[in-house]
Amino acid sequence: MKLHWQLLMSIGLVYTTAQKLPPCSILDVFEMNSLYKKGDIVLGGIFEISVKIISPDLSFRVKPEQWKCDGFDVAIFQRAQAMVFAIEEINRNETLLPNITLGYRLYDNCQKIPTALRAATALFAGLDDVKEEFDCYGSPPVLAIIGDPASTHSIAISRIVSLFRIPMVSYYATCSCLSNKQEFPSFFRTIPSDTFQIKAMIRILKHYKWTWVGALAGDDDYGQNAVKLFIEEVKTFGCISFTETIPKVITQSRLLQIVDRIKRSTAKVIVVLSSRVDFTPVAIEVVRQNITGRQWIASEAWATSVALATKENFACLGGTIGVAIRRGEIPGFQNFLLQVHPDVNPNTRLLVQFWETMFGCSFQGGTHGQNVSVDHLICTGYENISSTKTGYSDVSQLRGSYNIYKAVYALAHALHNLMSCESGKGPFENHTCPNITSVQPWQVPESVCSKSCRPGSRKATRKREPVCCFDCVPCADGEISSGINSIECVKCPADFWSNPSRTQCLPKEIEFLSYGDPMGITLTTVSLFGVCLSICVLVVFIIYRNTPVVKANNSELSFLLLVSLTFCFLCALCFIGQPTDLTCILRHIVFGISFVLCVSCILVKTIVVIVAFKATLPGNNMMKWFGVSQQRGTIFLFTLIQSIICIIWLSTAPPSPVKNTKYQNEKIIFECDNGSIVGFSSVLGYIGLLACTCFAIAFLSRNLPDTFNEAKFITFSMLLFCAVWISFIPAYISSPGKYTVAVEVFAILASSFGLLLAIFSPKCFIILLKPELNNKKSILGKVNPK
């Protein structure tokens, strides 16, 4: 109920206020610690200068007071001064941005997201009370933002400023997640991402053969993303003993729990991926409990921290190995730091706070919000800063400050390139150039050695060149990369394949000879036509079964041969369609038995022709030894042998459907695996043996008198049969995918049509078109033509 009333009061306050305000007006002004100087082009900056924040009372009964920062860190203020120094140095440079004066507006984020977002909003929206209507959508107060140093802050701020295409160049945010240009298109940085830091740590672990390690990570995007990468890398060669997350606001019980975990673990190497502020309470408790004998590995966030490198901490933290940011030298920077003097006005609030903190005094009427008591020192502004020795004036370890210095110069050179643009050769639409006096943020050109590698490619380092210089190599077939500047491509799972752009894995296309496929439709049509033709011939032979032509050619064997040919045509249909356990078995069994039955009938017909001729010779009585019963028995015996071969094949290694990716990587060939090569070869070999035997006998009897000229047709039909199946073998082996099945179906249909047409077309011609020749006299008359 209380929350409900608070929301109503808040909404009512906003509504009442909104009714009274002119268009595009600012509801309130944040009293923020800032440092400002006017210029033709203004650059913004966000720094972690104060270590904590004092939040106001949010009772929603009265207007909340301003958030106040506390705990000014003079050493961190050096980084803000590095930006000021770089801008002043550029303004004095006659060759870089001539006739252009750079200004700056710097803010303290107080190491809290709300304050960091307020600072960012002030930078791109401005702080004027009211804006004219035409100016509400004009240029933002700053052209680019240098900062924020924290990864979590940078993620939040970048998502807002990217909507306005305002470049944000961080000097300390290392989270690898920020390398995603699709999510953070306007984010840049002058510090390597955590990917490289983790690689360095892994090399240290491998060098000393430390395979049993513990890990502590901050409860933010920096710590959580870094520890995730670290765990993935360690698993390739070692093991993680424990992982603990250090909360931003840590309780005593949680602190003792983390330290107890460190104490009880047998891991002697502990990697800490957190900020110095987050790790400090843990370090203090470790020292208090005198936990020694641990090898600490520090991330760049606290590896060079002076606050932790004390004599009291040496017994527990001494010997820590850390990954540090590259340091550099900035000529003239120290003199600049020592020549600073405060000017008490709202635009130099940060400088006033620095002076008051450095000398422990307060300015009369200062802008930091503190009342000057009687016993408190009064600042004159002429205190000797050279006499102090603090982290502010120490330039021996310029790491963060050097990154800021480089960031300012990167922006300056980008602006200079825009200013040097030639009309008609510009980088923008229609090759236009920008107006340098009203340049827009989305107009800061890239200044990189190598452009970012797009998704679908990976980075390949160039030999003997800096890490910023690399080539973008397209991912290989079957591999993808979905992020910007991927270090390696990821291989797709077995049943998946990369899309043409190599950005995602898609399910592989499953290919088989289907009834809907043009080739499948054609083969099905031809197969059914063969079935119909065989049945028609069978009907003709049944109708004319008492005629001399049908009788002379052994009608019973002809009927059986036509039935077997019908099954040969039908078995081709078993090879078409999606393979299943049933169709894989049927296709080879029906094929093997049908063709053996067919060839057996032809072989017996051939033997009958020879025996019939021998029986006409005087004193020869061979027909009684190869009568109808013997003919049936022979066909049955030949077919039984093939059936036994099939039964043995099915009982040992039956054919089954399989997914074949061996021949085509981008497709899955759904086919029937023969199961046993011996079984499949035996079925084909037995058919081939009968066919060769039949061909040999028919060839030897081709010169028999014309009354028995069926031997010539059998010879021709078997010649076709053998030619088809001999050519089938190399075609079957060399054909990929569904074409393998198509070749087999084609061989079945071609050989079946060859037998049907070669043997039965002459007889059908006489029966249907030359009925006058279908008589006994005409047939016998051919023996002794006159």
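Both faces of strand E5 are covered: Leu-102, Tyr-104, Leu-106 and Asp-108 on one side, and Gly-103, Arg-105 and Tyr-107 on the other, are all buried (under 20% relative accessible area with a 1.4 Å probe, protein chains only; over 50% would be exposed, and in between partly exposed). That's seven of the seven residues of E5 (residues 102–108), so the strand is largely enclosed by the rest of the structure. In a regular strand the side chains alternate between the two faces of the sheet.

This is a predicted model, where local features need pLDDT of at least 70, side-chain atom pairs count only at pLDDT 80 or more, and totals for chains, interfaces and linings use all residues. Residues are numbered from 1 along each chain as its sequence is written, and side-chain values use heavy atoms, leaving out hydrogens and water.

**The whole chain**
- The chain has 21 helices and 22 strands, taken as DSSP runs numbered from the N terminus (helices are H or I with at least four residues, strands are E with at least two).
- Of its 786 residues, 45% count as buried.
- Look at contacts (heavy atoms within 4.5 Å) between residues at least 6 apart in sequence, and 68% of them join residues at least 24 apart.

**The sheet around E5**
- E5 belongs to an open sheet of six strands, in the order E1-E5-E2-E6-E7-E8 with mixed pairing (two strands pair if DSSP finds at least two bridges between them).
- E1 and E8 (187–189) are the edge strands, each pairing on one side only.
- Neighbouring strands here are turned by 20° against each other on average, direction ignored.
- E1 (residues 34–37) pairs with E5 in the antiparallel sense over four bridges, and Leu-35 stands opposite Leu-106 in E5.
- E2 (residues 41–47) pairs with E5 in the parallel sense over seven bridges, with Tyr-107 of E5 as the bridge partner of Ile-46.
- Helix H12 (residues 400–419) lies across E2, E5, E6 and E7, running at about 165° to E6 (angles run from 0 to 180 degrees between N-to-C directions, and axes are lines fitted to C-alpha atoms, for helices over the stretch in contact).

**A parallel sheet**
- Another open sheet has five strands in the order E10-E9-E11-E12-E13, with parallel pairing.
- Its edge strands are E10 (239–246) and E13 (321–322), each pairing on one side only.
- E9 (residues 212–218) and E11 (residues 269–273) pair in the parallel sense over five bridges, and Leu-216 stands opposite Val-272 in E11.
- Helix H6 (residues 221–234) lies across E9, E10 and E11, at about 165° to E9.

**Helix pairs**
- H13 (residues 518–543) and H20 (residues 738–769) pack at about 25°, with their axes 10 Å apart.
- That makes H13 roughly parallel to H20 (under 35 degrees is roughly parallel, over 145 roughly antiparallel, 65 to 115 roughly perpendicular, and the rest oblique).
- Residues making this contact include Phe-529 of H13 and Phe-753 of H20.
- The contact residues divide into 19 nonpolar (Ala, Val, Leu, Ile, Met, Phe, Trp, Tyr, Cys and Pro), one charged (Asp, Glu, Lys and Arg count as such) and three polar (the others, Gly among them).
- H17 (residues 628–652) and H18 (residues 677–700) pack at about 170°, with their axes 9 Å apart.
- That makes H17 roughly antiparallel to H18.
- Where they meet, the residues include Trp-649 in H17 and Gly-679 in H18.
- The residues of this contact divide into 10 nonpolar, three polar and no charged.
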